[in-house]
Amino acid sequence: MLAVVTGASKGIGKATAIKLKDLGYTVVAISRSSPEVGDEKIQVDVSNKEDVFKTVNYLITKFGFIDVLVNNAGFGVYGSFLETDLNEEEYMIKTNLLGPIYFMKAVLPYMVKERKGSIVNIISEAAYVSSPKLLVYSATKAALAHITNGLWAEMRKYGVKVSGIYPGPVKTNFTSHPSFKGVKDSFSKFAVEPEKVANAVVKAIKTGKREIYVPSKLALDPYFLKLSYIMQSITYRVIGKYFG
Ligand SMILES: NC(=O)c1ccc[n+]([C@@H]2O[C@H](COP(=O)([O-])OP(=O)(O)OC[C@H]3O[C@@H](n4cnc5c(N)ncnc54)[C@H](OP(=O)(O)O)[C@@H]3O)[C@@H](O)[C@H]2O)c1
């Protein structure tokens, strides 16, 4: 069984690559810098469409099939909307949103043909509740959540599993992006270990559940998400009634 994990040089991706290797998968680790773990280590920038398609073609030729694709590579640009660097944000949109789209477009035709396989997208709670000073990051995650949910429905008839993982704060290198410099860290005391997210990936591969939450240590997150869902449902009903 072959598993491809993007963003596998650090954090959640590295923990996921280790976990899947322990479970007996042949792991392809992908990142811009050289990954330390994985049976096959490939340096690819996921925002580069041609390189993503070339990589998938190479893997299909070499291994025949990709059983699991974990779209994890991503980063956040921190700051108020008026102050953040637009070039950095464009690169973030390409990495967090277009990267997973490129990989899914390249891999799914093979999964559909074989009527099997799992796509697991690492999203974020920020897809549900836009984090202040991480608005564009939140938007990339919300867009990925939309695609993941719709794809889950589209792929059911082909037997391909599609899941989104929604972690709260996780202890990784996420805040090492230069835009976080000097920012007071108020989240790390609630952050969970990346292995918790890796366990959620395994659950997604087994069950094909559409949404899996990985709450913070506060463990209140799922209630807030549910509350947000109810509020949105009410809002959409009202909007639908008056503007629909
Ligand atoms: N940490 C959190 O609190 C948290 C919470 C919810 C969701 N997430 C999501 O979890 C995912 C993993 O983040 P993390 O927290 O584990 O952060 P991390 O420790 O900084 O790891 C990010 C990984 O993505 C890779 N990466 C970044 N841009 C890339 C690109 N353009 N092409 C290829 N690889 C790229 C990095 O490797 P290179 O630099 O070597 O390319 C690294 O391996 C992200 O999608 C993030 O949005 C994180």
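Visitor: Is Lys-133 buried, partly exposed or exposed?
Guide: In this predicted model, Lys-133 sits in the loop between S5 and H4. Its C-beta has 17 others within 10 Å. A buried residue needs 20 or more and an exposed one 12 or fewer, so Lys-133 comes out as partly exposed.

Visitor: What is the phi of Lys-133?
Guide: Most residues other than glycine have a negative phi. Lys-133 is not a glycine, yet its phi is positive, at about 70 degrees.

Visitor: Where is Arg-115 found, and is Arg-115 buried or exposed?
Guide: Happy to look at that one too! Arg-115 also has a positive phi, about 55 degrees, without being a glycine. Its place is the loop between H3 and S5. Because Arg-115 has 10 C-beta neighbours inside 10 Å, and 12 or fewer is the limit, Arg-115 counts as exposed.

Visitor: Which residue of S4 is the bridge partner of Val-4?
Guide: Strand S1 (residues 2-6) runs parallel to S4, and three bridges join them. Within that pairing, the partner of Val-4 is Leu-69.

Visitor: Which residue of S5 is the bridge partner of Asn-71, and what is the hand of the crossover from S4 to S5?
Guide: S4 pairs with strand S5 (residues 118-122) in the parallel sense, over four bridges. There, Asn-71 has Asn-121 as its partner. Between the two strands the chain passes through helix H3 (residues 86-114), and this β-α-β crossover is right-handed.

Visitor: Which residues of S4 are buried on each side?
Guide: In a regular strand the side chains alternate between the two faces of the sheet. In S4 (residues 68-71) both faces are covered. One side has Val-68 and Val-70, and the other has Leu-69 and Asn-71.

Visitor: How many degrees around the axis do the buried residues of H4 cover?
Guide: Helix H4 (residues 135-155) reaches 30 Å from its first C-alpha to its last, close to the 30 Å expected. Its buried residues include Tyr-137, Lys-141, Leu-144 and Met-155. The buried residues lie on the same side of H4, because their arc is only 155 degrees.

Visitor: Which residues are exposed on the other side of H4?
Guide: Turning the helix around, the exposed residues there are His-146, Gly-150 and Ala-153.

Visitor: Which residues come nearest the ligand?
Guide: The shell has ten nonpolar, 14 polar and three charged residues. Helix H1 (residues 11-22) gives the largest share, three residues. Of the 27 residues around the ligand, the nearest are Gly-7, Gly-11, Arg-32, Ser-33 and Gly-74.

Conventions
Residues numbered from 1 in each chain as written. Predicted model: local features only at pLDDT ≥ 70, side-chain atom pairs only at ≥ 80, totals over all residues. Near = placed C-beta within 6 Å. Nonpolar A, V, L, I, M, F, W, Y, C, P; charged D, E, K, R; others polar. Pairing = 2+ DSSP bridges. Right-handed = clockwise from strand over helix to strand, strands pointing away. Expected span 1.5 Å × (residues − 1). Arc of directions from axis to C-beta.
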